[in-house]
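Here are a few exercises to work through with the model open beside you. Try each task on your own, then follow the solution step by step.

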Amino acid sequence: MVIEFFLIILIIMLFLFVLKLNGSKSTFQENLHTQHSPLKIGHRGAAGYCPENTIASYKKAIEMGAEVLELDIHLSKDDVLVVHHDPTLNRTTSGKGNLRDYTSAELKELDAGSWYHPRFKNERIPLLSEVLERFRAEAGFLIELKHPALYPGIEAKLAEELRKFTASASITQPIMIHSFDAESMKRFHVLMPDVQVGVLIKRRIDDETLKELAKFASFINPKQTILNPKLQQRIQKHGMKVYTWTVNNKNRVRMFEKMRIDGIISDFPDYFSD
Ligand code: G3P
Ligand code: CA
């Protein structure tokens, strides 16, 4: 009787052990061998090969297989949306001072390529409308509102621009907006709920904040150095996607490709797998 009792206990323990083993195996396989292929997003175009945020950079990114172009926008003195990373002109153009102090026509005069290499001397600061029109058939867009607090009303301006763009021809590629400024994304979402918005983060985020952001955001974009499977799962559990940035190391691109990341943003679009 006692022997039978111990045999039953042993069988139950064995059964539970096999169950646990299968469970952890399937989770492991799910995490590491997913069929899911992350969106290939070219950071400022192909900023590893060309002057960032220029037509040359976007062309290169598409040539290298980027599916989406990430770009940064500001407002000029005459309230035109232009594509540029810094709020000042000094680092990447022949101009000086704040971008906001120049009209779009004045900004067009500047050389936005020579700082990178003399062969790019003809590159100019593009208007957002130019980039959208030029690449509309070839790639999607991930537009970053850079320092929106500097430009009151920039969300409405962007919504107006996108409405014009979408009205002129049918849209076949994704258009998404992101920013470090969550309040700005919330405002944009109210103006244009059909366009997905995301919030960029570079620090730890708690579940309460994720829950709040999930009310309007479709994705959270963590800096690659803070992204791990746990953060990824917490974001996805709240129904949002994960696009990580800026992954410029080939091995790390591979690593993120094997996880269930929804998109990878890189200066080197040729690092993505086919
Ligand atoms: O795509 C995210 C990344 O662009 C945010 O940082 O400074 O490169 O615009 P930054
Ligand atoms: Ca950016």
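**Exercise 1.** Find out whether E155 is buried or exposed, then work out which parts of the chain its salt bridge with R187 ties together.

Step 1. Look at accessibility: E155 counts as buried because its relative accessibility is 5%. The cut-offs are under 20% relative accessible area for buried, over 50% for exposed, and partly exposed in between, using a 1.4 Å probe and protein chains only.

Step 2. Check the partner: R187 has a relative accessible area of 41%, so it is partly exposed.

Step 3. Now the link itself: E155 and R187 form a salt bridge whose closest N and O atoms are 3.0 Å apart. That term asks for a side-chain nitrogen of Lys or Arg within 4 Å of a carboxyl oxygen of Asp or Glu.

Step 4. Place the two ends: E155 sits in helix α5 (residues 154-168) and R187 in helix α6 (residues 182-191), so the bridge ties together parts 32 residues apart in sequence. Helices (H or I, at least four residues) and strands (E, at least two) are DSSP runs, numbered from the N terminus.

A word on the ground rules: this is a predicted model, where local features need pLDDT of at least 70 and side-chain atom pairs count only at pLDDT 80 or more, while totals for chains, interfaces and linings use all residues. Residues are numbered from 1 along each chain as its sequence is written, chains are lettered from A and ligands numbered from 1 in the order in which they are written, and side-chain values use heavy atoms, leaving out hydrogens and water.

**Exercise 2.** Describe where D79 and R100 meet, and how accessible D79 is.

Step 1. Their side chains join in a salt bridge (3.0 Å, N to O).

Step 2. D79 is in the loop between β2 and β3 (81-83), and R100 in the loop between β3 and α3 (104-108), 21 residues apart.

Step 3. D79 is partly exposed because its relative accessible area is 35%, and R100 also counts as partly exposed, at 28%.

Step 4. For the wider tally, the structure holds twelve salt bridges.

**Exercise 3.** Trace the surroundings of E52.

Step 1. Find E52 in the loop between β1 (39-43) and α2 (55-63). With a relative accessible area of 11%, E52 is buried.

Step 2. The side chain of E52 makes a polar contact with that of R91 (2.7 Å). Such a contact is a pair of N or O atoms within 3.5 Å; within protein, one must be able to donate a hydrogen and the other to accept it, and residues adjacent in sequence count only if both atoms are side-chain atoms.

Step 3. Widen the view: R44, E52, D86 and R91 are linked in a network of salt bridges.

**Exercise 4.** Which residues supply the protein donors of the calcium ion (ligand 2)?

Step 1. They are E70 (OE), listed twice, D72 (OD) and E144 (OE), lying 2.1 to 3.1 Å from the ion. Donors are N, O and S atoms within 2.8 Å of the metal (3.2 Å for Na, K and Ca); water is not among the atoms, so sites may look incomplete.

Step 2. D72 belongs to strand β2 (residues 68-75) and E144 to strand β4 (residues 140-145), 72 residues apart.

Step 3. D72 and E144 are buried. E144 also forms a salt bridge with K146, at 2.7 Å between the closest N and O atoms.

Technical notes: Contact = heavy atoms within 4.5 Å. Lists of a residue's contacts leave out its neighbours within four places in sequence.
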